[in-house]
Amino acid sequence: MSDQRIYLIGAGLIAGSHAAAIRTLPEPDHVSLSVTDLNPDVLADFCKRYPHARAYADTQAMLSEPAQDSDIVIVATPPSTHAELSCSALATGRHVLCEKPLAMNQDQARQMLAVAREHNRLLGCCSVRFLHWPPAEEARRLLKERALGTIFHARFISREQRNRPGIEYQPGTTWFLSQAKSGGGTLMDRAPYEFTVLNDLFQPVCVAVLAAWLANPATALHLPLETTFDVEQQAGATLRYHLADGRSFLLSYERASATHSNPQSLIEIEGLEGTISWLWPAPTWGQSLTLTHNYDSDGLVESKTLSFAFS
Ligand SMILES: NC(=O)c1ccc[n+]([C@@H]2O[C@H](COP(=O)([O-])OP(=O)(O)OC[C@H]3O[C@@H](n4cnc5c(N)ncnc54)[C@H](O)[C@@H]3O)[C@@H](O)[C@H]2O)c1
């Protein structure tokens with residue numbers, strides 16, 4: 001068999017997760033891994049940890065060999081570079097898996113799709129990472145059975161008191177704090193995962209943003225003086241989800257990577273016949289997840305709780 005070839009652009013933190021995931025594929029010894037990074041120290045460190053990877057000084061050199069039909073390029077660089085790197089990789093005749101957020105704006109995303117179609121290649125985005133987690137699958141089953149009746153409201157809350165990328169999480173990786181490099185703060189960083197799950201569950205034909213807000217709660221900061229910090233730490237919106245059957249409901253969305261409020265994590269879907277709720281998984285990995293289903297039983301509240309283990 002011919003080997004699967006995977007090319008990593010960017011050898012930073014998330015590239016390590018991709019390299020580790022590749023080693024769990026059914027025939028890892030039949031996967032060849034190539035890698036490049038603008039920063040030679042980062043590249044050298046990656047190659048120490050993954051000595052089977054072939055290192056290249058730049059992307060062009062790495063992708064100069066003739067493409068094979070199954071070649072995949074993983075774009076694992078900061079968001080401001082995603083569109084350009086993905087488009088040039090697609091143009092070499094390779095499929096692309098791009099880290100989230102896919103692009104800085106809708107125009108870039110459309111352009112990336114157009115280039116993928118032009119070259120008849122697949123374009124994927126890592127925002128699908130939480131798509132089939134067990135509580136969401138159980139929610140999908142209950143929605144399909146119409147166990148909740150008509151949906152009239154949904155709520156998504158993920159508030160962390162101090163977990164800002166570039167500050168408390170991955171300190172020193174300052175591109176997270178610059179809008180020009182990241183595209184935005186907590187919203188651009190985490191909403192791609194969250195709306196991928198919500199939109200997949202509800203399959204809306206249209207989502208209207210009725211109101212939205214951004215905030216930057218004041219906190220002490222210990223950043224190097226020259227650091228640009230112009231992204232939001234807290235955000236919220238009221239959205240109307242229009243469904244294929246003509247019905248619609250309101251979704252209240254809120255997330256924070258820094259807040260003076262209490263930490264909270266919740267997805268709740270309210271229907272006329274019942275409500276389901278579960279915790280959004282991000283804060284505590286390895287914890288078991290539960291989904292609670294409340295409904296009426298002869299005038300009393302009946303509550304069923306399902307637990308799911310994950311790692
Ligand atoms: N860190 C996480 O936990 C995490 C999780 C999921 C997704 N992501 C996403 O993955 C992407 C990368 O994040 P990260 O945390 O690995 O960042 P990082 O800063 O650790 O790594 C990015 C690397 O890309 C390199 N780079 C930048 N421009 C380049 C170019 N043009 N060509 C080649 N290399 C280039 C940088 O030198 C750097 O080493 C982002 O889109 C981020 O949102 C990160």
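**Exercise 1. Find the polar contact between aspartate 37 and the ligand, then describe the shell around the ligand.**

Step 1. A polar side-chain atom of aspartate 37 sits 2.6 Å from a ligand oxygen, where a polar contact is a pair of N or O atoms within 3.5 Å; within protein, one must be able to donate a hydrogen and the other to accept it, and residues adjacent in sequence count only if both atoms are side-chain atoms. The model is a predicted one, in which local features need pLDDT of at least 70 and side-chain atom pairs pLDDT 80 or more, while totals for chains, interfaces and linings use all residues. Residues are numbered from 1 along each chain as its sequence is written, and side-chain values use heavy atoms, with hydrogens and water left out.

Step 2. For tyrosine 169, an N or O atom of the side chain is 2.3 Å from an oxygen atom of the ligand. Isoleucine 14 uses a polar backbone atom, 2.9 Å from a ligand oxygen.

Step 3. The ligand taken alone exposes 820 Å², of which the protein buries 87% (accessible areas by the Shrake-Rupley method with a 1.4 Å probe; for residues, only the protein chains shown count as cover).

Step 4. The ligand is surrounded by 23 residues, the closest being Ile14, Asp37, Tyr169, Gln170 and Trp175; a residue is near a molecule or strand if one of its heavy atoms lies within 4 Å of it. By class, the shell holds 12 nonpolar, seven polar and four charged residues (Ala, Val, Leu, Ile, Met, Phe, Trp, Tyr, Cys and Pro are nonpolar, Asp, Glu, Lys and Arg charged, the others, Gly among them, polar). Helices H1 and H4 each contribute at least two residues to the shell; helices (H or I, at least four residues) and strands (E, at least two) are DSSP runs, numbered from the N terminus.

**Exercise 2. Is leucine 13 buried or exposed, and which residues does leucine 13 contact?**

Step 1. Leucine 13 belongs to helix H1 (residues 13–22).

Step 2. Its relative accessibility is 51%, so leucine 13 counts as exposed (buried is under 20% relative accessible area, exposed over 50%, partly exposed in between; 1.4 Å probe, protein chains only).

Step 3. Neighbours within four places in sequence aside, leucine 13 is in contact with Tyr169 and Gln170, contact meaning heavy atoms within 4.5 Å.

Step 4. Between leucine 13 and phenylalanine 46 the C-alpha distance is 9.3 Å, at a sequence separation of 33 residues.

**Exercise 3. Which parts of the chain does the salt bridge between arginine 94 and aspartate 71 tie together?**

Step 1. The two side chains meet at 3.1 Å, N to O; a salt bridge is a side-chain nitrogen of Lys or Arg within 4 Å of a carboxyl oxygen of Asp or Glu.

Step 2. Arginine 94 is in the loop between helix H4 (82–91) and strand E5 (95–98), and aspartate 71 in the loop between helix H3 (59–62) and strand E4 (72–75), so the pair links parts 23 residues apart in sequence.

Step 3. Arginine 94 and aspartate 71 are both buried.

**Exercise 4. Where do the salt bridges of arginine 140 and arginine 141 lie?**

Step 1. Arginine 140 meets glutamate 137 at 2.8 Å, N to O. Both lie in helix H6 (residues 134–144), three residues apart, about one turn of the helix.

Step 2. Arginine 141 meets glutamate 138 at 2.7 Å, N to O, and this pair also lies in helix H6, three residues apart.

Step 3. Glutamate 138 is buried, at 13% relative accessible area, whereas arginine 141 is partly exposed at 39%.
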